[in-house]
Protein chains: 2
Amino acid sequence: MDKKLLLHYQDLKPSRPDFRIIGVFNPAVALMSGQTIMIARVAETPLAADRDHVIVPMVRQKQYTFMKIPTMDDSYDFSDARVIRNHEQSYLTSISHFRVGRSHDGYHFTFDEKPILPETMYEEYGIEDPRITKIEGRYYITYTAVSSYGINVGLMVTDDFVTFERKGIILPFDNKDCVLFPQKIKGEYYAYHRPSTSDFGKLDIWMAKSTNLIHWGDHQVLPSARISYRPSVRIGAGAAPFLTEKGWVVVYHSADSHNRYHLAALLVDKDNPAVVLKRSKAPLIEPSELYEHEGFFPDVVFTCGLINHGKKIRVYYGVCDQNIALCELSMDELWENLGPVT
Amino acid sequence: MDKKLLLHYQDLKPSRPDFRIIGVFNPAVALMSGQTIMIARVAETPLAADRDHVIVPMVRQKQYTFMKIPTMDDSYDFSDARVIRNHEQSYLTSISHFRVGRSHDGYHFTFDEKPILPETMYEEYGIEDPRITKIEGRYYITYTAVSSYGINVGLMVTDDFVTFERKGIILPFDNKDCVLFPQKIKGEYYAYHRPSTSDFGKLDIWMAKSTNLIHWGDHQVLPSARISYRPSVRIGAGAAPFLTEKGWVVVYHSADSHNRYHLAALLVDKDNPAVVLKRSKAPLIEPSELYEHEGFFPDVVFTCGLINHGKKIRVYYGVCDQNIALCELSMDELWENLGPVT
């Protein structure tokens, strides 16, 4: 296992002169024509914020607009630096977009100038945590669309990572951590997703099926994806699943009640991804380096993509909701990490 | 407008000798071979509960099981008589199933002996609030499936209201108030649904599309369905939409922050149910009778079905989460209730 910090948030330029970047993280990755393509989430915050005001950035009708909230206004709860709430609405103090990077070696990325910005009414507060899956020659990108209409899962498709076509909301709120399987299984497309914020339900991984990638149904929970070797209050699929001789491998995240993250893996049935065959018996990747422990949101390791190179895999992941790291591990290390589902 | 109390919860017998019925309410209705068919939600609670214990009824592997919680156990919150919570889970103190009734006049119903009981892992805490839509000759029933896996929308189909085939979870948690449109629009099936429990989203009506009634996508919110003439914290589609010369009519509910309900109506575009043409300018049906004001949950009027008889409609609705009422109103009354979307 070999870890390195790949990209620091200050390596990119803000999308606007009146913004500063606070994080470049949670990247999706894919292979195209021998290159590694990365779509990084870039979180920005307005420079105009001062001690007496919080500025909430939003996109409406494809234009950035700003809401200035006096920090003296006690109808708002300012206790979380990232989210501001009043009795009827939550707002974000930063807004995320996507940036496309390209690399010949998988380590050094050159980023396109042109950002992928929030556009639709469902993306008013930003677009977050993309995942890429190549299906039948096209690249499908699931992502989190955040707005006053909730945290929904959106879908885009691209052939070149230059132009992107939005395909609407595929899973209604609150839902995130949606990954698509790269091929049909017995005639249907498959996805994992993570519904959340329920009076009753827990934060589990769910499976869904589709015949056209747009309409999803037959939702089934995977209770056996819950980790058992340490406390966990939520899990969610990370990288798009990849097929091996033993079944599908899915790298996913788990967080405890103190928001300490680690990455684990599932081996699921080749023909039925609702059946978990094996599961990590210990963390696969967990914070160990200084850059994983210290940052905007400490001890977060969050993957949205990996590249399977056969004998080894390269897991790209966000660290501390701020920067991007890479962990290379051998398939042997992965198999050794898996144990029975108890 | 003519209202009457149609069915009292004590008119039905419990499904088990150790249960008592606490509500027969929120009925779906449909026409079949000249008869009005009703599927009523029946909420039951175990007789065994005493002052010192709350009994939580659940269905596991098609068997009722019971969890006995001492009321002295202060890890639980007993403040809501309907829901018991501890730090990691919510439970219901009653469990609902469905009962099928048949009527020749739409007023007097004879109920089948055999109940439709909760069966799947998603129905552990019960099945609630059915809606029937006849599509291409078959009767599709959307319903709320409640379990420790959240509040999900399930689908059943029947040809005779004797045998019912479950088609799985069509919308993941938390979601309810799902109604299907009775015919394809431009080649696709349509539904309204109501995602809920979000950090960001409000409790709005959403639309979704499908090609097979199982897989749903292209989710779009209808912000203009929100009522404007009085406070409202949540709305949700009630009866299945019916087509008129002017467009689709949808009767829906609205509740304020004190859980005072009323029913309103939408007129939406014939070819695009995301477009609201007209909306109630005042409550269409609101609590006025003693049986609507007083009961298990006061001032609740909640419809899951209506029958369109051409010049008049019969709206069947639950009152006070306890009994079933009927309101007959003319189409003229309905049209007069509608005003511009402001």
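In this predicted model, strand S20 of chain A, spanning residues 247-255, is mostly covered, with 9 of its 9 residues buried. A helpful way to get to know this strand is through its pairing partners.

One of these is strand S18 (residues 234-237) of chain A, which pairs with S20(A) in the antiparallel sense over 4 bridges. Within this pairing, A:Ile235 has A:Ser254 of S20(A) as its bridge partner. Strand S19 (residues 242-244) of chain A also runs antiparallel to S20(A), and 3 bridges join the two. Here A:Phe242 stands opposite A:Val249 in S20(A). S19(A) and S20(A) form a hairpin, with 2 residues between them.

Strand S21 (residues 261-268) of chain A is likewise antiparallel to S20(A), and the two are joined by 8 bridges. In this pairing, A:Tyr252 faces its opposite number A:Ala264 in S21(A). S20(A) and S21(A) make a hairpin with 5 residues between them, and A:Asn259 in the turn has a positive phi of about 60°.

Attention now turns to the second largest pocket, which holds about 970 Å³ of space. Its lining comprises 36 residues, and those nearest the centre are A:Arg82, A:Val83, A:Glu128, A:Lys176 and A:Tyr261. The elements that each give two or more residues to this lining are strands S2 (19-32), S3 (35-46), S6 (83-85), S10 (126-135), S11 (138-147) and S14 (175-180) of chain A. By residue class, the lining of the second largest pocket divides into 14 nonpolar, 9 polar and 13 charged residues.

Note on methods: Residues numbered from 1 in each chain as written. Chains lettered and ligands numbered in written order. Predicted model: local features only at pLDDT ≥ 70, side-chain atom pairs only at ≥ 80, totals over all residues. Heavy atoms only, no water. Buried < 20%, exposed > 50% of the residue type's maximum accessible area, 1.4 Å probe, protein only. Pairing = 2+ DSSP bridges. 1 Å grid on protein atoms, 1.4 Å probe; cavity = no way out; pocket = protein on both sides within 12 Å on 5 of 7 lines; lining within 4 Å. Points joined across faces, edges and corners; volume = space filled by probe spheres on them. Nonpolar A, V, L, I, M, F, W, Y, C, P; charged D, E, K, R; others polar.
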